[in-house]
Amino acid sequence: MSNETFLVTGASDGIGAVYAERLARRGHDLILVARRADKLEALARDIRAAHGVSVETIAADLAQPADLARIEARLRSDAAITGLVNNAGIAGEGSILGADPAYLSGMIALNVLAVTRLAAAIAPRLAERGSGAIINMTSVTALMPAAFTAVYPATKAFVLAFSEALQAELGPKGVRVQAVLPGITRTAIWKEEAIARIPPGMVMMVDDMVDAALAGFDLGETVTIPSLPETAGFDAFIAAREALRPGLSLSTPAARYGG
Ligand SMILES: NC(=O)c1ccc[n+]([C@@H]2O[C@H](COP(=O)([O-])OP(=O)(O)OC[C@H]3O[C@@H](n4cnc5c(N)ncnc54)[C@H](OP(=O)(O)O)[C@@H]3O)[C@@H](O)[C@H]2O)c1
């Protein structure tokens with residue numbers, strides 16, 4: 001990573017706050033984005049004092065079009081920003097049978113639309129420059145769409161697919177794209193009573209998760225699954241998906257469909 005500025009979304013708490021601290025420790029200046037200005041400013045003060053880097057905070061609700069447009073404009077125009085950590089996200093919609101439509105819209109606006117538009121805003125500058133990084137926070141639920149709730153894993157599957165496509169397009173131009181797939185990580189995204197019911201062996205501490213994700217970044221990974229003991233299983237999964245390709249678009253239907 002270069003010594004230039006990273007913009008981190010969802011930096012007021014949890015995973016984003018740890019990214020901010022770790023990136024500052026690496027010497028990066030920061031722009032921290034989230035809704036809670038007081039929490040952002042408190043973190044910024046601590047980071048400035050500990051690491052001597054420049055830290056700006058911007059209070060913005062990325063699920064709101066006007067706020068999203070403000071951050072996009074900054075990413076498009078500020079040549080100092082060479083890294084984006086697309087981390088802000090929400091979960092917890094519950095069963096689809098009782099889902100609140102407004103909550104679903106808000107989740108898709110934040111987890112999908114904002115991630116897409118922020119990456120699209122910074123990508124042209126980074127491609128032009130021939131360097132820089134886009135780190136997208138997805139989730140292991142992207143790989144297990146039926147094991148959790150219906151919409152959150154689908155938003156994270158979008159981010160995984162989007163990241164792979166971005167890497168395919170931007171990687172050859174010198175831009176690093178990484179999708180991070182945390183498992184259960186102890187942050188405020190979880191209600192305390194919910195996380196208390198999960199076996200402790202399945203719950204990672206947030207500092208360990210971010211350190212592992214950054215180690216994956218340093219290794220040059222496009223997809224980082226911090227807890228997965230061996231990458232061979234994931235590589236086999238990708239290879240199996242690739243092996244489907246010759247049959248995915250043909251002029252005749254398959255025999256089982258009457259072709
Ligand atoms: N913790 C896990 O088990 C886990 C596992 C897999 C993936 N993830 C992913 O990791 C990312 C971070 O989650 P976390 O666990 O660190 O959760 P968290 O502790 O709840 O933090 C979420 C962050 O996103 C910000 N945010 C929420 N809504 C926002 C909005 N509308 N606009 C701007 N910022 C907003 C929050 O700040 P404000 O409230 O101040 O806006 C906060 O800084 C998410 O994308 C999540 O899906 C988490």
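Mentor: A crossing of two helices is right-handed if the near helix is turned clockwise from the far one by less than a right angle. The model here is predicted.

Trainee: Which handedness does the crossing of H3 and H4 have?

Mentor: H3 passes H4 in a right-handed crossing.

Trainee: What makes H3 roughly parallel to H4?

Mentor: Helix H3, residues 65-77, packs against helix H4, residues 101-129, at an angle of about 20 degrees, and their axes are 7 Å apart. Angles under 35 degrees count as roughly parallel, so H3 is roughly parallel to H4.

Trainee: Which residues meet there?

Mentor: Among them are Leu 68, Ile 71 and Glu 72 in H3, and Ala 114, Arg 117 and Leu 118 in H4. The residues of this contact of H3 with H4 divide into seven nonpolar, one polar and four charged.

Trainee: Why is H1 called oblique to H7?

Mentor: Helix H1 (residues 14-25) and helix H7 (residues 206-218) pack at about 55 degrees, with axes 9 Å apart. Roughly parallel needs an angle under 35 degrees, and roughly perpendicular needs 65 to 115. An angle of about 55 degrees fits neither range, therefore H1 is oblique to H7.

Trainee: How do you know that Tyr 152 makes a polar contact with the ligand?

Mentor: A polar side-chain atom of Tyr 152 lies 2.6 Å from an oxygen atom of the ligand. The cut-off for such a pair of N or O atoms is within 3.5 Å, so this pair counts as a polar contact.

Trainee: What is the distance for Lys 156?

Mentor: An N or O atom in the Lys 156 side chain is 2.9 Å from an oxygen atom of the ligand.

Note on methods: Residues are numbered from 1 along each chain as its sequence is written. This is a predicted model: local features need pLDDT of at least 70, side-chain atom pairs count only at pLDDT 80 or more; totals for chains, interfaces and linings use all residues. Side-chain values use heavy atoms; hydrogens and water are left out. Axes are lines fitted to C-alpha atoms, for helices over the stretch in contact, and angles run from 0 to 180 degrees between N-to-C directions. Helices (H or I, at least four residues) and strands (E, at least two) are DSSP runs, numbered from the N terminus. Angles under 35 degrees count as roughly parallel, over 145 as roughly antiparallel, 65 to 115 as roughly perpendicular and the rest as oblique. Contact means heavy atoms within 4.5 Å. Ala, Val, Leu, Ile, Met, Phe, Trp, Tyr, Cys and Pro count as nonpolar, Asp, Glu, Lys and Arg as charged, and the others, Gly among them, as polar. A polar contact is a pair of N or O atoms within 3.5 Å; within protein, one must be able to donate a hydrogen and the other to accept it, and residues adjacent in sequence count only if both atoms are side-chain atoms.
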